[in-house]
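Welcome, and please have your viewer ready. We will go from stop to stop, selecting residues as we move along.

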Amino acid sequence: MLKKVLLGLGLVILLLIIAVFIGYNSLKPSYKGSQKLDGLQSEVEIIFDTYGVPHITAQSEEDAHFALGYVHAQDRLFQMEMLRRVASGRLSEIFGMDLLETDQFFRTLGISLQAEEAIEQFWTDEQDEPWQINTLAYLKGINQFIEKGPKPVEFHLLGISMEPYTLQDVYLTTGFMAFGFAEGFREDPLVSTLMNKLGGDYLNDLIIDWEEMAEKIPVYDPKMEQNLLSISTHTKQLLDNLPVAPWLGSNSWVIGPTKTAGGKVLFANDTHMGFSQPSVWYEAHIEAPGMSSYGNYAAGFPFPILGHNRYMAVGLTMFENDDTDFFIEKPVEGNSNQYWYGEEKLNFSSRTEIIKVKDSDDISFEVKSSKHGPIINPVIPEISAIYNQPVAVSWSYLQLPNQNLQATYNIIKANNMEDVKKGASMINSPGLNVMYGDVDGNIAWWTTAKLWQRSEG
């Protein structure tokens, strides 16, 4: 009897192992075989090397980007999902109340609104520019995988529905990138703390060309060091809670042919970001008529942020430009809906954000904005410990045209230095150092960003 029971139990365990094995393998990405996909105009060949990098050969750029979207989604769909949810403030839908504070912060910044403005500004009814055609093809490839491919295991475990990808999601990628590069959210409060606690002489050792008189501007009460430091700490905690790595860091160098033993350009770019698994970058190689490129792609973005083609290589690092300021607004006495802008009374604008929260009721909250930007007191409570006035954040990424799609496409297609320079000049935010080297022996280093022209003082 015992023998039969043990035999039956062993059989059940064996069947369970087989079921788990089959189920697990059915969810894995496909790296061999053939598939028929709706939307391709011609046959596309994809060869994955030993590192899992797809080498895509197509008869057109459009087909190549369709295929890129498909394989990018099969390898990184959950990463794409997390990134678009962070930037749009939709983490609470799947993680519950623990991420509500993070969602409120990103909803207040309004990265989604900036994405909508970019679409309204640059996507006409024709949509016939090559960068537009290839962007739409990339999105079709992602959505083809969502429709026909296996649902990744993370979606099963968290109960996430697989929603189609949109143009807005593409712009959310650069929004998250720009936020990681916007050091002012963390550094401005910290530097103010150092100034008030340790004095201007201490900052002389940290800042190049520190203006002698600038340290004497009475911006903050010296008794507020701990409160100011807590603002920076609060922002850091928000970053630490994110399910995707923030975009921080990078270094690079390029050496001209007269300085190298082989007489050719030497180029190196190390775009180190916060550790994440999978990696921030997704490598891919495309061969199509008019395009031959090997690049590093961000999740949900159709063109490489850095890489090389047959003629040139391009890399990037953070520019570290000051693109973030905090403004203390002065409300009109007796009217909390108005504030002073110089000698003029202006109304605060207002919008209502509704956040869906897993296992809880929806959360509704109001976001006020001044001419400078959104009021952040409600999402960084430490500010209220310092001021009983509204504090607005002015971030250039939210205030300037977003042409990052056009810029990255033009750069990877370039076959001369001027084309790369033109593409780099289209990037308003985030601020980047763009390094360049080509087969003709040219090297270059550009900084690209729109810089505010500030009045004296």
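Our first stop is a pocket. By class, the lining of the second largest pocket has 10 nonpolar, five polar and four charged residues. Here Ala, Val, Leu, Ile, Met, Phe, Trp, Tyr, Cys and Pro count as nonpolar, Asp, Glu, Lys and Arg as charged, and the others, Gly among them, as polar. A pocket is found on a 1 Å grid over the protein atoms alone, as an open set of points where a 1.4 Å probe fits, with protein on both sides within 12 Å along at least five of seven lines; lining residues have an atom within 4 Å of a point.

Before selecting anything, note that this is a predicted model: local features need pLDDT of at least 70, side-chain atom pairs count only at pLDDT 80 or more, and totals for chains, interfaces and linings use all residues. Residues are numbered from 1 along each chain as its sequence is written, and side-chain values use heavy atoms, with hydrogens and water left out.

**Select the pocket lining.** Start with Gly33, Ser34, Gln35, Val44 and Ile46, which lie nearest the centre of the second largest pocket among its 19 lining residues. The volume is about 450 Å³, taken as the space filled by probe spheres set on the grid points, which are joined across faces, edges and corners. Now add β1 (45-48) and α2 (61-88), each of which supplies at least two lining residues. Helix α2 gives the largest share, five residues. Helices (H or I, at least four residues) and strands (E, at least two) are DSSP runs, numbered from the N terminus.

**Select Gln144.** This residue sits in helix α6 (residues 130-148). Is Gln144 buried or exposed? With 6% relative accessibility, Gln144 counts as buried; the cut-offs are under 20% relative accessible area for buried, over 50% for exposed and in between for partly exposed (1.4 Å probe, protein chains only). Leaving aside residues up to four places away in sequence, Gln144 touches Leu37, Asp38, Phe66, Tyr70 and Gly149, a contact being heavy atoms within 4.5 Å. Measure from Gln144 to Asp38 and you should find 7.5 Å, C-alpha to C-alpha, for residues 106 apart in sequence.

**Select α4.** Nine of the 10 residues in helix α4 (residues 100-109) are buried, among them Leu100, Asp103 and Arg107. Just after α4, look for Gly110, with a positive phi of about 85°.

**Select the aromatic rings.** The structure holds 12 aromatic pairs. Rings of Phe, Tyr and Trp (its six-membered ring) pair if their centres lie within 6.5 Å; planes under 30 degrees apart count as stacked, over 60 as edge-to-face and the rest as tilted. Phe105 and Phe106 make an edge-to-face pair, because their ring centres are 5.5 Å apart and their planes stand at 90°. Phe105 is buried at a relative accessible area of 1%, and Phe106 is buried at 2%. Add Phe179, Trp395 and Tyr397 to these two and you have one aromatic cluster.

**Select Phe303 and Tyr409.** Their ring centres are 5.2 Å apart and their planes lie at 55°, so this pair is tilted. The pair links distant parts of the chain, 106 residues apart: Phe303 is in the loop between β6 (291-297) and β7 (306-309), and Tyr409 is in helix α12 (residues 404-412). Phe303 counts as buried at 0% relative accessibility, as does Tyr409 at 5%.

**Zoom out.** The protein chain has 13 helices and 17 strands, and buried residues make up 48% of its 457 residues.
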